[in-house]
Amino acid sequence: MADIQTLDLEIFGATEIIASFLAPVDDGFVLFDTGPASVVEVLESRVNESGFDLDQLRAIFATHVHLDHVGGAGVLARRTGCQVVSHAIGAPHLAHPEDKLLPSAERIYKDMMVPLWGVTEGVPENQVKAIEDGETIEVGGLEVVAHHTPGHAVHHVAWQVGDAVATGDVAGVRFPGATHVLPPMPPPDIDVEAWRASLDVLRRLEPSRLLLTHYGAFDDPVRHLAELEERLVRWTETARRIVAEGGDRDALGDALSAVDEREMEASNVPPEAVARYRRLCPVKESSAGLYRYCVKMRG
């Protein structure tokens with residue numbers, strides 16, 4: 001069992017929202033996701049608390065290139081010289097975020113772009129490594145296996161380390177103290193059938209722990225993945241019905257928000273966890289990707 005530590009990146013002035021996962025290797029450590037550039041100083045403090053210096057960082061394993069997951073990779077790679085490993089589709093966005101990734105995010109976040117995500121830098125091209133599905137990388141005696149897991153993002157990778165899997169967003173969003181699992185569904189890449197196939201990939205690995213960037217390590221993967229898939233399927237059926245009836249994105253957002261309120265209450269989600277779900281993954285806004293998917297499928 002790999003000795004993997006959860007690092008709380010304390011974004012938005014709140015705890016237990018975004019995690020990075022640290023695994024020791026013979027000559028330092030590696031990270032699974034880094035959080036955005038805005039939390040690099042917090043990340044360095046957590047690394048130090050774990051007994052390492054930041055210049056001992058040997059590799060970053062990116063689950064996908066969304067800014068809340070690896071927006072800080074470029075800053076860290078330039079400072080430490082570490083390798084950044086990702087899906088081949090994500091690699092160009094890591095090296096040149098100014099081409100598409102940042103302009104797309106700026107259209108959404110506008111004046112809040114830098115306060116939320118910091119100044120995102122590109123990873124030097126010679127430090128980016130594209131990974132194939134099923135490929136194993138060895139870093140300082142630690143073996144990490146890549147599993148392509150599209151659905152939330154077409155370039156998503158889950159990283160298997162011993163009995164644990166760092167799942168990024170493909171295994172959903174869940175917070176400590178709660179069993180409730182939400183599917184994050186922003187546009188443009190949501191693909192429900194691909195997502196369900198990716199959940200089958202995770203099940204076949206038979207992990208003992210799921211490492212969720214949002215947020216933490218959970219030791220009930222069978223139940224967790226079953227709940228996520230059941231909710232994803234049921235919410236997709238609702239979305240298809242609303243689209244077929246001519247409903248718009250707001251209609252879907254309102255419907256799913258009401259459903260989620262009832263389901264959180266039924267699951268006895270603690271108030272502090274409810275606040276985290278609402279802050280990180282507000283269902284009305286998140287459901288835009290599911291709406292887009294259902295419109296596309298109907299067309």
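**Entry 1: two helices**

At what angle do the axes of helix H8 (residues 221-244) and helix H12 (residues 288-298) cross, and within what distance do they come? I looked this up in a predicted model. The axes cross at roughly 60° and come within 9 Å. I therefore note H8 and H12 as oblique to each other. The crossing in which H8 passes H12 is right-handed.

I then listed the residues that make the contact. From H8 I recorded Trp235, Thr236, Ala239, Arg240, Val243 and Ala244. From H12 I recorded Leu290, Tyr291, Tyr293, Cys294, Val295 and Arg298. By class, the residues of this contact divide into 9 nonpolar, 1 polar and 2 charged.

**Entry 2: sheet S1 to S6**

I followed the strand order next. An open sheet is formed by 6 strands in the order S1-S2-S3-S4-S5-S6, with mixed pairing. Strand S1 (5-8) and strand S6 (128-131) each have a single partner strand, so each has one side without a neighbour in the sheet. On average, and with direction ignored, neighbouring strands here are turned by 25° against each other.

Within this sheet I examined one pair. Strand S3 (residues 28-32) and strand S4 (residues 57-61) run parallel and are joined by 4 bridges. Opposite Val30 I found Ala59 in S4.

I also checked which helices lie across these strands. Helix H1 (residues 40-49) lies across S1, strand S2 (19-25) and S3, and runs at about 145° to S1. Helix H3 (residues 73-80) lies across S4 and strand S5 (83-87), and its angle to S4 is about 155°.

**Entry 3: sheet S7 to S12**

A further open sheet has 6 strands in the order S7-S8-S9-S10-S11-S12, and its pairing is mixed. Which strands stand at its edges? They are strand S7 (136-139) and strand S12 (216-218), each of which pairs on one side only. The average turn between neighbouring strands of this sheet is 25°, direction ignored.

The pair I examined here is strand S10 (residues 164-168) with strand S11 (residues 209-212), which run parallel and are joined by 4 bridges. Gly168 stands opposite Leu212 in S11. Helix H7 (residues 192-205) lies across strand S8 (142-148), strand S9 (157-161) and S10. I recorded its direction as about 165° to S10.

**Entry 4: backbone geometry**

I turned to peptide bonds and phi values. Most peptide bonds are trans, and most residues other than glycine have a negative phi.

Which peptide bond involving Pro188 is cis? The bond from Pro187 to Pro188 is cis, with omega near 10°. I located Pro188 in the loop between S10 and H7. His214 and Tyr215 are likewise joined by a cis peptide bond, with omega about -15°. Tyr215 is placed in the loop between S11 and S12.

For Lys110 I noted a positive phi, near 50°, in a residue other than glycine. Lys110 lies in the loop between helix H5 (101-109) and helix H6 (113-117). Is Lys110 buried or exposed? Its relative accessibility is 57%, so I count Lys110 as exposed, the cut-off being over 50%.

Glu206 also has a positive phi near 50° and is not a glycine. I placed Glu206 in the loop between H7 and S11. With a relative accessible area of 67%, Glu206 is entered as exposed.

Key: Residues are numbered from 1 along each chain as its sequence is written. This is a predicted model: local features need pLDDT of at least 70, side-chain atom pairs count only at pLDDT 80 or more; totals for chains, interfaces and linings use all residues. Side-chain values use heavy atoms; hydrogens and water are left out. Two strands pair if DSSP finds at least two bridges between them. Axes are lines fitted to C-alpha atoms, for helices over the stretch in contact, and angles run from 0 to 180 degrees between N-to-C directions. Contact means heavy atoms within 4.5 Å. Angles under 35 degrees count as roughly parallel, over 145 as roughly antiparallel, 65 to 115 as roughly perpendicular and the rest as oblique. A crossing is left-handed if the near helix is turned anticlockwise from the far one by less than a right angle, and right-handed if clockwise. Ala, Val, Leu, Ile, Met, Phe, Trp, Tyr, Cys and Pro count as nonpolar, Asp, Glu, Lys and Arg as charged, and the others, Gly among them, as polar. Buried means under 20% relative accessible area, exposed over 50%, partly exposed in between (1.4 Å probe, protein chains only).
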